[in-house]
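The following note is offered for your consideration alongside the coordinates. It opens with a local question and then turns to the chain as a whole.

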Amino acid sequence: MESTAPLTLFNSLTRRAEPFVPVHPGEARVYTCGPTVYNYPHIGNMRAYVFADVLGRTLSFKGYKLTHAINITDVGHLTNDSDDGEDKMERMAAAQKQSIWDIAEHYKQAYWADVRALNIRQPAQWTVATDYVPQMIEFARGIAAQHCYKLESGLYFDVSTVADYGRLARAQTEDGEGRIEAVEGKRNAADFAIWRKTPPGEARQMEWDSPWGKGAPGWHLECSVMSGAVLGFPFDIHTGGIDHREIHHPNEIAQNQAHCCTNGLDDAANSGAKVWMHNNFLVERSGKMSKSSGEFLRLQLLIDKGYHPLAYRLLCLQAHYRSELEFSWEGLGAALTRLKRMLIAVGRLSQPSTRKQRSEPTELAANKKWFDAAVSNDLNTPEALTALEEVLAGLQPNDVKLTVVEEYDSVLGLDLLNLTRADLRLRPKSAEITEAEIEATLAARKEARAAKDFARSDALRDGLAAKGVEVMDGDPLGWEWKLG
Ligand code: AMP
Ligand code: ZN
């Protein structure tokens, strides 16, 4: 499909939607801040990767050769932003009495399972922080003399040495509100650790030798080093959740400026990436999104309750990525029903066209233009979904519709051509009856009704109801039963 609408993306650096102009013609290089693998991701975290996936898919749809890298943070991310917290990985390893490497492996696999379940495409590269420590030390060595200073606890970046620090956050450089100067001796409140020295008398599970003593890299350093190493500075787009716009990304930018300047690669304003994009948060009123609150909202919890993970993906696509999205079970249920309707319509497309259907090339061209304009307009997925549904409801012949659905779904990623209605009907973990038992009882009930034995038919229905299965006679979606 020809995609001609100009692609515009909202750049957090300028707070404006800008035409996308790739650094390397015909290519798009994207870096996404990935998970810290000390715990399961919650569904809010996964919204960030659905967004990055839609961005990548859109760039491919627009004809760019995409190189996407997502990092896995397995060292360096502290429990707070003031550099005096504990390493999240070290803390979890101690709590679970396991090695950090085992913790990292377990939660990385759990994260990848969610990635697959949400039909997020595999990036060209997963960059794992501990694989890049020598490069991090090299990077730090390159900027240390001009931009850093040593304290007892490690090497710190002096934010006053780069132009326009904090432009991304629109924060004040000096005494910025919300900045905590937890580490004594910092020159500016916003200064941050590049290298965290292991305190005397302590041993960390993960530590490396460096010119600043045995220790571990700072979290911000990781992303600067890995994005530059894999994509080359400057690259096109850097993504993350909106919380990263305040501290993590301004610090990455400061390091990139220092690095590019020291090495004479570019001017002082070089921020590493040309476009910085941030998804807004998924919020939930009762605080179940917080990983510290016991049972929190994981994708697996949704699945256990009988919601297909792609219903969650659709829930994300129904909101613009820059809008806050409130999670509710009702909202998720509505998304599941919407997905069900789409699949019913797609399921019909393998049948021969009816006589009423006819090819309307102008109408089809207008719809394609609409879809293209929507996704090209800073990834307006809510509107793109409406364009898709218009095609499904329209009169174009089935084979034509099928081709269009395939093209649109290459951006939306709802797996519409492979998923079936039956796949959506997940049995909640707590259900007392298997699908096979339900189907067998329903078949027996059909026979009873055919034989006009209504007493038996009612008894079978009541038996199902007692096990939480509601029989849905005459359901407009063609659903025969649901678990209450
Ligand atoms: P973390 O594993 O904590 O580093 O977070 C992984 C990603 O999820 C980051 O890009 C965060 O900005 C993003 N994130 C965290 N909480 C939410 C949320 N509630 N909604 C959307 N994105 C989030
Ligand atoms: Zn990052």
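Which backbone nitrogen does a side-chain oxygen of D87 reach at the start of α2?

1. The model is a predicted one. In it, the side-chain oxygen of D87 comes to within 2.8 Å of the backbone nitrogen of M89, and this contact is placed at the start of α2.

2. Helix α2 covers residues 88–96, and its buried residues are K88, M89, E90, M92 and A93. M89 therefore appears twice in this description: its backbone nitrogen is approached by D87, and the residue counts as buried, with under 20% relative accessible area. Two charged residues, K88 and E90, are also among the buried set.

3. As to the partner of this helix, the buried residues of α2 pack against α3, which comprises residues 100–117. Between the two helices, K97 follows α2 and has a positive phi, near 50 degrees.

4. Turning to the whole chain, 15 helices and 15 strands are assigned. The C-alpha trace spans about 90 × 55 × 35 Å along its principal axes.

5. Of the 484 residues in the chain, 54% are buried. The accessible surface amounts to about 21600 Å², and carbon and sulfur atoms account for 49% of that area.

6. Contacts were also examined by sequence separation. Where the two residues are at least 6 apart in sequence, 74% of the contacts in the chain join residues at least 24 apart.

7. On charge, the chain carries 55 positive and 66 negative side chains. The centres of these two sets are 5 Å apart.

Note on methods
Residues numbered from 1 in each chain as written. Chains lettered and ligands numbered in written order. Predicted model: local features only at pLDDT ≥ 70, side-chain atom pairs only at ≥ 80, totals over all residues. Heavy atoms only, no water. Helix = DSSP H or I, 4+ residues; strand = E, 2+ residues; numbered from the N terminus. Buried < 20%, exposed > 50% of the residue type's maximum accessible area, 1.4 Å probe, protein only. Contact = heavy atoms within 4.5 Å. Areas by Shrake-Rupley, 256 points an atom, 1.4 Å probe, with all protein chains shown as cover. Charge placed at Lys NZ, Arg CZ, Asp CG, Glu CD. Polar contact = N/O pair within 3.5 Å; in protein donor to acceptor, adjacent residues only side chain to side chain.
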